[in-house]
Amino acid sequence: MSDHGTDLATTEHGDEPQFPLPPHHARLSDTDPRAAKAAEMQVAIMFGLSAVLTIAFVVVYFAFPTNHFLDLGPFGVVQTSNFLLGITFGLAVLLIGLGAIQWAKKLMADEEIIDERHPVGSPQADQDAAAALFQQGVDESGFVERKIVRRTLIGALALFPIPLVVLLKDMGPMPGDSLDHTIWHKGSRIVVDVTGKPIKPEDLDIGTLVAASPEDLDKVQEVEGNQNARAKASIILVRMRPDEIKSQQGENWDYEGILAFSKICTHVGCPIALYQQRTHALLCPCHQSTFDLSDSGKVVFGPAAREMPQLPITVDSDGYLVAQSDFQQPVGPSFWERS
Amino acid sequence: MTSSSVRRHRATGLVVLLAALVATGVGYAAVTGTAQAAAPAATQTQVDHGRQLFLEGCATCHGMGAQGTQEGPGLIGVGAAAVDFQVSTGRMPLSTPAQQAPRKAPVYNAEEVAALAAYVATLGPGPSIPTDSELSTNDADLATGGTLFRTNCAQCHNFAGRGGALSDGRYAPSLMNATPREIFEAMLTGPQNMPNFPNTTMGIQQKQDIIKYIEHLQTASAPGGLALGSYGPVTEGVAAWTLGLGLLLLAAVWIGAKVR
Amino acid sequence: MSVIVKEAGKAISRADERAPISSLAKANLRKIFPDHWSFMLGEIALYSFIILLLTGVYLTIWFKPSMNEVIYHGSYAPLEGIPMSQAYASALNISFDVRGGLLIRQIHHWAALFFMAAMIVHMFRIFFTGAFRKPREFNWVIGGSMVMIGLLEGFAGYSLPDDLLSGVGVRIVAGIIESVPVVGTYLMFFIFGGQYPGSDFIPRLYMVHILLMPAILLALVGLHLVLIFYHKHTQYPGAGRTNTNVVGYPLFPVYTAKAGGFFFVVFGIAGLMGGLVTINPIWAYGPYVPDQVTAGSQPDWYIGFLDGLLRAVPSGLETYWFGHTWSWNVFIPALVVPGILFTLLLGYPFLEAWVTGDTGEHHLLDRPRNNPTRTAIGVMAITFYGVLILNGANDIIAQAFSVSFNSVTWFTRVAIFVLPPLAFIATRRFCLGLQRRDRELLLHGRESGQILRLPHGEFIEVHTPISDVEKAKILGKVEYPVLEAPAETDENGVATPGLKGKKRRARWSRAYFGDSVAKPTPEEIAEAEHHMHELHDHEVHELEESGKSLPAHMD
């Protein structure tokens, strides 16, 4: 085989096909004028119906407010406006299409036509001419001989995109060590999510799950104007019998069988609160990472690689559950700088 | 002939017994919470009937004294609410060993359920069956209920209460047929793998809010049309391919077809 | 009516004095396009894109791309008084307080699903018929790029309303970005304007969704269409069709009506689905809050295969080297694998051109059976993709079929390695079988079911010859030769340049085409025809002898 490959296309330009085009077969609407008339009527009815439906759309739009509902039984209780607007608009538009296609299929001339292809691309003569013209331009510009002009131009152009990149620098702050900390600190009171009620150990039974957060979270959220603190500080509290705790991430981080864990999955950050109390397994609904909360929150199934960070807790002088300190490892998904 | 110098009336013993009973009753009522004080007190016949039903239908797996066996957990301290939930929804008795007890046609009628609940309640203090006032949603707030539902329930039961998968073939069931009592009891007692939400961390008001929201989910309108089961993008993708692209491919075939 | 025509004619003449309107019309009005339903799949994608643009413009009139917190006071009672982002509130407003708003939102979202589905079906049609061969390789690259951009665009679109379901998806994307070695944290902070979630992401995503990606897509779509026009459409081999002609119908009026009509059909079906079937019920999901999530969290279907890939990864794939965390469990499935897949996808035409050594223009399509290795690769890709997309729904599958998602995940972990090679082998064999059948049909005709007894006692089955149209289809097959490796040295002992590459190519060529079924040569066809005539004469003779009447096909 030659180095330049071969042309495996089956025919050359101007070749006749091996088998000729079969003779044209007349449609019923070509030979029978009644069939043609019937086809005309079909198309006209479709277009006419479309027009009627379009008007119906306008009527429906003004007739039904958005808070009107239609009970369609097993189909559901639907917003009347949406339902009827969808039907009128959808059918109106569909019928235009069906009418046009039916017109083409039944009434427009359907003799197959043969057209010759032109060779794709530029003929060799054009390629040579273009190359010559280009060369002429290059010669006239002096780009090749005038080395210092050429080199400085390339240098300037190479540097030119840099401002476009540098201008993006203020898109965001540098991470610093912000991913290593949350707003939990020694003495942060733990409160129930949504209600904000502080928690005493006797409030939890064996098998209780509490979605919780630090007491000052709402204040922080208001000051910062975003949910960043919540996205890292959310925790869950679970209670099991102390003898069921196989291991913890630190000595005495629990309180009488009450354990506090981060609510943010260490895989890619979905919140987890799917606690299966009998097996002490915490399951993430996103990718099914499963953590054993009775065994230091270690991964027992799924793509996560790291244990669920545990928050050390204790009780303050008023008897309410508080954090002993911030988390001792970054919460949430892993990142490069995480040691 | 008595040796005491005090002459006692014939009815003294009876009076003392009555006084003791009254004192016990009052003392008991004072010690237990108001919620339980409002529940109808179980009669002894109910408890006896419950014990008999228990020995016949439950003791094989849960033990003669409800202390638990290899087959079933102990029921001491689970409370009347847990029994009411499990038995009235037909989950218990378990017909075949399984990862999880599914809801099915209840085996015991309401009176028998009440008896069983009353009996188990005597075995140890535990959550009692909610009263009508506890289940009332007259003061419940729908929007708060939604927020509470999404914070505490949706991660297992799905945003529309249609249920979800748990590990090893277990599942959080659909809430579409749950009654307010069942919902309250489930939150309170944490059946099987569901954690519990005692009134101390999720108060009765919050439970009522959630019940109101779940009732809304059960009757919710589907403004956009067919809800496709409320499972999210999976069913929408199936619909886009089968219904949408299916119709479009049919149209394409029709357009390209030869006309007679 | 004639007044309109006259005025139009005058307007066109005036335009013609300024731009070559009539010259363009002359060249293109009667351009011929071949007719086959499988040529309309790209149109579905194109029309879906136009629908997205139209409905998208409507949505921008009411949508507010801001993460500022507002308290909801709209028509939807279950969210009354709830704090939420302005983006979410405006999406609720469109759904419940703007007439037709819900319809436009739903049409927009359905059209997006159709857009991705149609592009993929179209892409596979191009692949299986070899329409990406010269001169259309660049169009293939453009198309593949549009699929990639479509993925990003769709993700951006469904994340804009800032609802709970899509918000969790955004969190996942942030986590994926964080997993990139060396620069991941910086990238995440730059894109989100700080820690997650910040308040910049939705407005930035909005710009990407309505400006950047649509502009790129419009340019690519335009280029794609121009090339199709210039190259003229490919056609299947058949009677009257050669590699150098196009047989079909003219653009005006037939294709104007058919293709234009099809646009209305696509729009109509999208409209009907927008009114009849709920999609993306953001009101039910609730506003995005970083500590809430729903069971059964999935992205839109076209991202499903990536979700499935993430779910299939086994536990613990993270290393701590040189004081840094390397998150292989996220980085590989979310970024490396799709990167490899798309590179293979975009590069395939060039790979195949190298294997075949083919430099000719191809305007006649391959029937999939005639390139068994290519077809098998395509089926293998579909199998791989299918297993992953199913795993993306493993919890829904677990719920629907009462199985454990742990089992589904384990099945996937094995199946992605086992099923694709099996699919490859099975498909190849099937294609070769079809090729053998084609050869049989061409040479010996179709079995008619009639049994004939020859004079010397042999029983044979009568075969009827196939029609010319069918013959043309079978003979349109391109014979891909098996390339041999050149000699180690030439006659003067000089080593052949690029020997290693050529040997490698010869191996690939043999793998691709080594067991191809040969197309019957003209001599073989003539001989077979002669044989059939002999048999035919025999039949006639037999029947005349026995006094029976000739069956119809024998006259």
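**Chains B and C, and two helix packings**

Modeller: Let's start with the surface: chain C exposes about 23,600 Å², and carbon and sulfur atoms supply 68% of that area. Please keep in mind that this is a predicted model.

Biologist: Happy to. What makes up the secondary structure of chain C?

Modeller: Chain C has 19 helices and eight strands. Along its principal axes, the C-alpha trace of chain C spans about 100 × 80 × 60 Å. Of the 555 residues of chain C, 56% count as buried. As for contacts in chain C with a separation of 6 or more, 74% join residues 24 or more positions apart.

Biologist: And how does chain B look? Which elements does it have, and in what order?

Modeller: Chain B has twelve helices and two strands. From the N terminus on, they run α-α-α-α-α-α-α-α-α-β-β-α-α-α. Buried residues make up 46% of the 260 residues in chain B. The accessible surface of chain B comes to about 12,800 Å², with 61% belonging to carbon and sulfur atoms. Of the contacts in chain B with a separation of 6 or more, 62% are between residues 24 or more positions apart.

Biologist: Let's pick one residue, then. How do you know whether C:I396 is buried or exposed?

Modeller: The relative accessible area of C:I396 is 11%. The cut-off for buried is under 20%, so C:I396 is called buried.

Biologist: Where is C:I396 found, and which residues is it in contact with?

Modeller: C:I396 lies in helix α15 (residues 394-401) of chain C. Apart from neighbours within four places in sequence, C:I396 is in contact with B:Y231 and B:V234, as well as with C:G296 and C:Q298. Another landmark is C:R136, which is 260 residues from C:I396 along the chain, with 41 Å between their C-alpha atoms.

Biologist: Now for helix packing. Why are α3(C) and α9(C) described as they are, parallel or antiparallel?

Modeller: Helix α3 (residues 41-62) and helix α9 (residues 201-231) of chain C pack at an angle of about 150°, with their axes 12 Å apart. Angles over 145 degrees count as roughly antiparallel, so α3(C) and α9(C) get that label. Their crossing is left-handed.

Biologist: Which residues meet there?

Modeller: From α3(C) come C:L46, C:F49, C:L53 and C:T60, and they meet C:Y206, C:I210, C:P214, C:L217, C:L218, C:V221 and C:L225 of α9(C). The residues of this contact divide into ten nonpolar, one polar and no charged.

Biologist: The other pair joins chains A and C. What makes α3(A) parallel, perpendicular or oblique to α5(C)?

Modeller: Helix α3 (residues 80-106) of chain A and helix α5 (residues 101-129) of chain C pack at an angle of about 60°, and their axes are 8 Å apart. Roughly parallel needs an angle under 35 degrees, and roughly perpendicular needs 65 to 115. The angle meets neither condition, nor the one of over 145 for roughly antiparallel, so α3(A) is oblique to α5(C). The crossing of α3(A) past α5(C) is right-handed.

Biologist: Which residues make that contact, and how do they divide into nonpolar, polar and charged?

Modeller: On α3(A) they are A:N82, A:L85, A:G86 and A:F89, and on α5(C) they are C:L102, C:L103, C:Q106 and C:I107. Five are nonpolar, three polar and none charged. If A:G86 in the contact puzzles you, Gly counts as polar here.

Conventions
Residues are numbered from 1 along each chain as its sequence is written. Chains are lettered from A and ligands numbered from 1 in the order in which they are written. This is a predicted model: local features need pLDDT of at least 70, side-chain atom pairs count only at pLDDT 80 or more; totals for chains, interfaces and linings use all residues. Side-chain values use heavy atoms; hydrogens and water are left out. Helices (H or I, at least four residues) and strands (E, at least two) are DSSP runs, numbered from the N terminus. Buried means under 20% relative accessible area, exposed over 50%, partly exposed in between (1.4 Å probe, protein chains only). Contact means heavy atoms within 4.5 Å. Accessible areas come from the Shrake-Rupley method with a 1.4 Å probe; for residues, only the protein chains shown count as cover. Axes are lines fitted to C-alpha atoms, for helices over the stretch in contact, and angles run from 0 to 180 degrees between N-to-C directions. A crossing is left-handed if the near helix is turned anticlockwise from the far one by less than a right angle, and right-handed if clockwise.
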